[in-house]
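I opened my notebook today to look up how one protein chain is put together. Here are my entries, in the order I made them.

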Amino acid sequence: MTRKEDGASEAARRMFDADRAARALGVELVDIAEGSAVVRMTVTADMVNGHGIAHGGCVFLLADTAFACACACNSHGPVTVAAAADIDFVASAREGDVLTAEAAERVGFGRSGIYDVTVRRGDEVVAEFRGRSRTLRSAPD
């Protein structure tokens, strides 16, 4: 962590720590602040598809994890979840590549929000993700 954590950041860290799927793929939480988050993952042999490139689902999971952490930072009570998301893959990643996903809130309105996430390998953009969030009225079952 590079920024001082506040209550919302602590909630996001707890949510990340409980994310077994992201942790199983080696995703690391690099930075978190109100409305933003940075996560990192190294592409392993188990993440490569039949074409020898990173499986799109693994890249999506990385971007979605950054999105979730950024949303959680804005949630001071009720749970905030993804309502929808889409991704554009603009470059391939390969085994051994270190990917970083940086999420930023674009706008919040009512119980909804829009977040953009850029996935990079170094300075090169690999994917652009847009997530739409929704704050639930009550915790999910």
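**Entry 1: pairing.** Before counting anything, I wrote down what pairing means: two strands pair if DSSP finds at least two bridges between them. I also reminded myself that the model I am reading is a predicted one.

**Entry 2: β1 and β2.** I looked up the link between β1 and β2 and found 5 bridges, with the two strands running antiparallel. Which residue of β2 is the bridge partner of Leu29? I found Val39 there. I then checked Ile32, and its bridge partner in β2 is Ala37. The two strands form a hairpin with 2 residues between them. In that turn I noted Gly35, which has a positive phi of about 75°.

**Entry 3: on to β4.** Next I followed β2 to β4: 7 bridges join them, and these strands run antiparallel too. One spot I marked is Thr42, which stands opposite Val98 in β4. Is β2 enclosed or open to the outside? I read that β2 is largely enclosed by the rest of the structure, because 5 of its 7 residues are buried.

**Entry 4: the whole sheet.** I traced the strand order and got β1-β2-β4-β5-β6-β3, an open sheet of 6 strands with antiparallel pairing. Its edge strands are β1 and β3 (80-89), each of which pairs on one side only. On average, neighbouring strands of the sheet are turned by 20° against each other, direction ignored. I added a reminder for myself: strands of a sheet pair through backbone hydrogen bonds.

**Entry 5: the core.** I then looked up the largest nonpolar core, which has 33 residues. Leu62, Leu99, Val117 and Val119 have the most contacts inside it. Several elements supply at least two residues each, including α1 (7-17), β4 (98-109) and β5 (112-121). Which element gives the most? I found that α3 does, with 10 residues. I picked Val119 for a closer look: leaving out residues up to four places away in sequence, it touches ten I could list, among them Val59, Leu62, Leu99 and Val126.

**Entry 6: a loop residue.** Last, I visited Val48, found in the loop between β2 and α3. Why does Val48 count as partly exposed? Its relative accessibility is 24%, and partly exposed lies between the cut-offs of 20% and 50%. Beyond its neighbours within four places in sequence, Val48 is in contact with Val43, Ile53, Ala54, His55 and Glu95. I liked the last of these: Glu95 is 47 residues apart from Val48 along the chain, yet their C-alpha atoms are separated by 6.6 Å.

Conventions:
Residues are numbered from 1 along each chain as its sequence is written. This is a predicted model: local features need pLDDT of at least 70, side-chain atom pairs count only at pLDDT 80 or more; totals for chains, interfaces and linings use all residues. Side-chain values use heavy atoms; hydrogens and water are left out. A nonpolar core is a set of buried Ala, Val, Leu, Ile, Met, Phe, Trp, Tyr and Cys residues joined through side-chain atoms within 4.5 Å. Buried means under 20% relative accessible area, exposed over 50%, partly exposed in between (1.4 Å probe, protein chains only). Helices (H or I, at least four residues) and strands (E, at least two) are DSSP runs, numbered from the N terminus. Contact means heavy atoms within 4.5 Å. Axes are lines fitted to C-alpha atoms, for helices over the stretch in contact, and angles run from 0 to 180 degrees between N-to-C directions.
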